[in-house]
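Student: I would like a close look at one part of this model. Please start from a single side chain and its surroundings, then work outward.

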Amino acid sequence: MPLESLPVLDLSTLDDGPDAAHEFREALLAATHDVGFFYLTGHGLTDDDIATAFATAERFFALPLEDKVRVEMVNSPHFRGYNRTGGELTQGRVDWREQIDIAAERAAVTDRAAPAYMRLEGPNQWPSGLPELRETFTVWEQRCAAIGARLLREWALALGSPADVFDDAFADRPSTLIKLVRYPGRREDDRAAQGVGAHKDPGVLTLLMIEPGKGGLQVEHLGGWIDAPAMPGAFVVNIGELMEFATSGYLKATTHRVVSPAPGDVRLSIPFFLNPALDSTMPVIDLPPVLAADSRGVTQDPDNVISGTFGENMLKARLRAHPDVAARHHADLVDRASSGHE
């Protein structure tokens, strides 16, 4: 039967004893096998933590345009920084949102022999007029990464594997990404009403915090769409293509989209993406027979080939979403892709 809303899981129940932890794992497995999305409460972030994050995001978007343009993504070969409204594509169509991308703070890789996806490693661009942006979201990254790591251990156990089965992929230089996103209102009949187009995430897991009282997120399920508005204090969690890869399709990377707000309204969101090191390959889990019998296999799409190596998935996604950055900094990769030699 089609769902009317996403499942709700409480992370804090893991601390209520073995029976409660077992029930959490069963619910986690069911939610991500059947839907690929759920709400997560009991994660430890307070209302004040969440309010601070959104207030800081609002102050960033309120900066003068010239301040934001100084940290525009087109200046970064590592795909870090600010995008004006309409500066990103999904499925070749313009996404109607303004945003800044903040990834794991690293030095750029200078080894010419390194795989092309290592070009994604590098420093962020921080606006000089808002120093608290770096402080607030460095802490947010650490807190979310800890939540994500705990979820990965529980998935591992629920899938019949040791709790540390994913650790090697994340132990050395895990990849994180935070987006601060502002969706302006658009007319219902406007073809650009795509806040962000229908897509699947290319990595492992996403923790999304939506501005209180706002809607717009929709999750595909059984041929229809489930509305997933903000739930007070809760993350919306979804898995990406690498978890589908790691479980031979038992867990489901689900298509989702964001519909633009109504005219005169604005919606803020803060997605956090937790992924392995760019050059790490996700392990393929040896599923118990009862789960393996219900495994659907990894999605086969010639236009979106899923690799177990995160960097290959992420580079492909970045080049498609930001053709201006690709053209300025990675023309050789664009030429290679257009000639069929990806």
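Tutor: Start with arginine 106. Not counting residues up to four places away in sequence, arginine 106 touches Glu121, Gly122, Pro123, Arg173 and Pro174. Its place is in the loop between strand E6 (98–103) and H4. Is arginine 106 buried or exposed? Its relative accessibility is 17%, and the cut-off for buried is under 20%, so arginine 106 counts as buried. Keep in mind that this is a predicted model. The mean pLDDT of the protein chain is 91, and 94% of its residues reach 70 or more.

Now follow the loop to H4. Helix H4 covers residues 132–158 and gives the most to the largest nonpolar core, with 10 residues. That core has 77 residues. Those with the most contacts inside it are Leu40, Trp140, Leu151, Trp155, Leu180, Phe235 and Met282. In soluble globular proteins, nonpolar side chains tend to be buried together.

Take leucine 151 next. Leaving aside neighbours within four places in sequence, leucine 151 is in contact with Leu11, Phe24, Leu28, Leu40, Leu207 and Val237. A second, separate core has 17 residues, including Phe37, Tyr183, Leu217 and Ala230.

H4 also packs against helix H1 (residues 18–34). Two packed helices are described by the angle between their axes and the distance between the axes. For H1 and H4 the angle is about 90 degrees, and the axes are 9 Å apart. Angles of 65 to 115 degrees count as roughly perpendicular, so H1 and H4 are roughly perpendicular to each other. From H1, the contact uses Phe24, Arg25, Leu28, Leu29 and Thr32. From H4, it uses Leu151, Glu154, Trp155, Leu157 and Ala158.

Turn to the strands. Threonine 90 lies in strand E4 (residues 88–90). At 12% relative accessibility, threonine 90 counts as buried. Its C-alpha atom is separated by 9.9 Å from that of glycine 195, 105 residues apart along the chain.

Strands E10 (residues 217–221) and E11 (residues 224–227) run antiparallel, joined by 4 bridges. Valine 219 stands opposite isoleucine 226 in E11. The two strands form a hairpin with 2 residues between them. In the turn, leucine 222 has a positive phi of about 50 degrees.

One stretch calls for caution. Over residues 338–342, pLDDT stays under 50. The model has 3 contacts beyond four places in sequence for residues 338–342. Where pLDDT is low, the predicted coordinates should not be read in detail.

Conventions. Residues are numbered from 1 along each chain as its sequence is written. This is a predicted model: local features need pLDDT of at least 70, side-chain atom pairs count only at pLDDT 80 or more; totals for chains, interfaces and linings use all residues. Side-chain values use heavy atoms; hydrogens and water are left out. Two strands pair if DSSP finds at least two bridges between them. A nonpolar core is a set of buried Ala, Val, Leu, Ile, Met, Phe, Trp, Tyr and Cys residues joined through side-chain atoms within 4.5 Å. Buried means under 20% relative accessible area, exposed over 50%, partly exposed in between (1.4 Å probe, protein chains only). Contact means heavy atoms within 4.5 Å. pLDDT is the predictor's confidence in each residue, from 0 to 100. Axes are lines fitted to C-alpha atoms, for helices over the stretch in contact, and angles run from 0 to 180 degrees between N-to-C directions. Angles under 35 degrees count as roughly parallel, over 145 as roughly antiparallel, 65 to 115 as roughly perpendicular and the rest as oblique.
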